[in-house]
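Here are some exercises to work through with the structure on your screen. Try each task yourself before you read its solution.

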Amino acid sequence: MNPLPTMTNEYKRLTFVYYCSGHGYGHATRVSAFASHLLRLESRPTVHIVSSAPKHVFSDSVALGALYRNANIDPVIVQPLAYRVDRRKSVEVLEKFLLEKDLKVAEESQWLRSVKADCVLSDAAFLGCLAANEAGIPSVLITNFSFDSVYSYLSTPFIDEPPKLDLAADALCPPTHQAHGDLEPDVPISLEELAPLVSQIHAGYRCADLLLRLPGAIPLPSFAVQPGLPSPEWVDRQTRTFTSFVVNHLSQSPSSYKLHPQIPFPPAFPPKPLPREVRSAPLLVRPTDSRVYTPEGRSVLLTSIGVPAHLHDPEHTKILIVSFGGQVFHKPHSRSHSRTPSKAETPKDMLVELRLSTNGSAHPTDLAIPLADTQDSLIDPQTHAQALSDALKNAALNRPEEARPPVTAPATQNPPRAIPAHVALDVDHPHTRPRGLSQLRVAGAPPAAVPTSPRVPSQMPAFVTIPPTPRPVDGFEASEPNWEGGAVDGAEVEVRILPDESWIAIVCGVPKDWGREDGEELPENFFVAPRDVYMPDLTAVADVLLGKLGYGTVSECVDACTPFVYVPRPLFIEEHGLRLFLEREGVGVELSRAQYEQGEWANAIETAWHAGRAAKMRKRAEGETGKRMEEGARMAREIVEWAESWKAGVAEVSKDMVNVSELEKAPVGNLVLDSGVGRVKSSDGMGVLN
């Protein structure tokens, strides 16, 4: 690191502008985390956050003084299902955004000058880098991937086909399974069509002057010359994993990379004083409250969720967290007697400090980010609530009359519960619940099946439920359960969602009345987390987390030593880097898309728990060490030092240019000095700049 310039009375507090992509929750959580590190420094710079993500997800940093501005600064990948990409619509969204790019760059560069920005930070919005360069301001890219490689990967010949589920013959087949058939066929976009679009994104990232590469990275082709675009060439088509060349590249020190040359500022500004550079960055993750690692703190958190006290001891109860980034989903059908559902709001008399950040500010609500006007992959909570109601009303699926077994209820059967008013029953032909698979279902996504009650006469309809939606990763060939039509010699297929009775499941991102729809209760081992639950704390108390691969969840699982069962998504190239990171630093077990939708989760959960059990026990004994906070603070200090060095370098170059200009005008006898003396070499060796 270059020595700091001497501070003078004229030196002002630095102003950073942080551009944050609105595509996904991980960008917002790590931007808020790093902005908080900057704002805790003694020098305390001014920090502006610009994003299409809503203000509340940055509440930690806003509480420390960050200034927020909402703006549509990046295009998005369109997802009709949470683990399916619509390539054609994604390209159309990109084309529309690029038509407005030049106007947006002009507006943003003017705004940057108006707030007197000293440095732009970007996670991973290429528009921020473009605008910074246009305004003569240095920019720093802080990310583990960039969207030029994401859009380039839309040309991959891999076809994302929905899994072919061979459900049991008497399993429920609700209308939601038709969602697969309603999707447009997955058709690769040609390289010829994508190349001119991707090149514009790539050119934006090329304007960045420093890359802080986060863990779980994939190649960032705007900095390193190799591996370059198109990104489908990074993946072996047979194994669907990164090629050995790419893996070796990612394992090397960034200082060894051959970099693309620096893009100069427009002629109106002094030349760039520092060369381009790539540095490895630490894990940016939201801090965990140290008290959740104590028995008292753990009990406070679990009590706020509605988990009874006898299930708080980690020696006797294991916890699965089900979290798919805020996706709303329905409940699995109860397999036992009804009980009072878990509360979905934190009781007011709970120890509220556990829901506060280390500086005392309120934590952001861990909900799905409302999407920008170009984002249509998720639905707002009100729409989800209606989908929940509709799904339940359409769930009274009965067998044809001739297929109904005789009414022979065993003597031990619990009395039937009250019948929802909207279900019309024929007293001469009692309803039966077919033995099979109830459905966990997300609106617009294929449902996940879970076991229903044993085949006994019942006056309750079979419920269709809505799940957290996962996403597929390339390269995993999971052994599929042998359904063979669902029965052999009359035997029933047994599908396990949890390994055994010692496990409970805590579901995140669902409405507060999720467990009380139409008189139906949650299964005894399922609980609903409050909508304002702080996910790092909940991840810390978990034994296993089930979700989708994304930086936010992966980083919090690694930090808490919580094993991660993930459902992959094949068209997101970012996931290759996250899987490599999990292999090195944590425990990741892939649950195939078919197994997820079939409700066969138990084996993967058990495998992950056994693989990560020892590390989890050590972490619980160790508690919160503050390591991540120290790493983040050090990274913040280094960014400030870099920005100060840049500013001092610009001042020095400007001073030299003024002196040379004066010499050019000074007569020497009858001669005037040649104006070429005033030319300065570019820091990247591209030649001379005027």
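The exercises below deal with a predicted model, and each one comes with a worked solution.

**Exercise 1. Getting an overview**

Task: Find how many helices and strands the chain has, and what share of its residues is buried.

Solution: Start with the secondary structure: the chain holds 17 helices and 19 strands. Next, turn to burial: of the 690 residues, 57% are buried. Finally, look at the surface, where the chain exposes about 28700 Å² and carbon and sulfur atoms supply 53% of that area.

**Exercise 2. A strand and its surroundings**

Task: Decide whether strand E5 is largely enclosed or open, and explain why.

Solution: Begin with the cut-off: a residue counts as buried when its relative accessible area is under 20%. Now go along E5, residues 139–143: five of the five residues are buried, so the strand is largely enclosed by the rest of the structure.

Then consider the two faces. In a regular strand, side chains alternate between the two faces of the sheet. In E5, Ser-139, Leu-141 and Thr-143 lie on one side, Val-140 and Ile-142 lie on the other, and all of them are buried.

**Exercise 3. Partners of E5**

Task: Work out which strands pair with E5 and in what sense.

Solution: Take strand E4 (residues 119–123) to begin with. E4 runs parallel to E5, and three bridges join them; Leu-121 has Val-140 as its bridge partner. Helix H5 (residues 126–134) belongs to this picture too, since E4, H5 and E5 form a right-handed β-α-β unit.

Now take strand E6 (residues 210–213). E6 and E5 are also paired in parallel, over four bridges, with Ile-142 opposite Leu-212.

**Exercise 4. A serine in a loop**

Task: Locate Ser-146 and say whether this residue is buried or exposed.

Solution: Look between E5 and helix H6 (147–152): Ser-146 sits in the loop there. Its relative accessible area is 0%, so Ser-146 is buried. Now check its contacts. The side chains of Ser-146 and Asp-148 share a polar contact of 2.6 Å. Beyond its neighbours within four places in sequence, Ser-146 touches Tyr-205, Leu-220 and Pro-221.

**Exercise 5. A sheet of six strands**

Task: Name the edge strands of the open sheet with the order E12-E11-E8-E13-E14-E15.

Solution: Read the order from end to end; the pairing in this sheet of six strands is parallel. Strands E12 (526–528) and E15 (588–590) each pair on one side only, which makes them the edge strands. On average, neighbouring strands of this sheet are turned by 25° against each other, direction ignored. At the E15 edge, three bridges link E15 with strand E14 (residues 564–567), and Val-565 is opposite Val-589.

Conventions
Residues are numbered from 1 along each chain as its sequence is written. This is a predicted model: local features need pLDDT of at least 70, side-chain atom pairs count only at pLDDT 80 or more; totals for chains, interfaces and linings use all residues. Side-chain values use heavy atoms; hydrogens and water are left out. Buried means under 20% relative accessible area, exposed over 50%, partly exposed in between (1.4 Å probe, protein chains only). Helices (H or I, at least four residues) and strands (E, at least two) are DSSP runs, numbered from the N terminus. Two strands pair if DSSP finds at least two bridges between them. A crossover is right-handed if, with the strands pointing away from the viewer, the path from the first strand over the helix to the second runs clockwise. A polar contact is a pair of N or O atoms within 3.5 Å; within protein, one must be able to donate a hydrogen and the other to accept it, and residues adjacent in sequence count only if both atoms are side-chain atoms. Contact means heavy atoms within 4.5 Å. Accessible areas come from the Shrake-Rupley method with a 1.4 Å probe; for residues, only the protein chains shown count as cover. Axes are lines fitted to C-alpha atoms, for helices over the stretch in contact, and angles run from 0 to 180 degrees between N-to-C directions.
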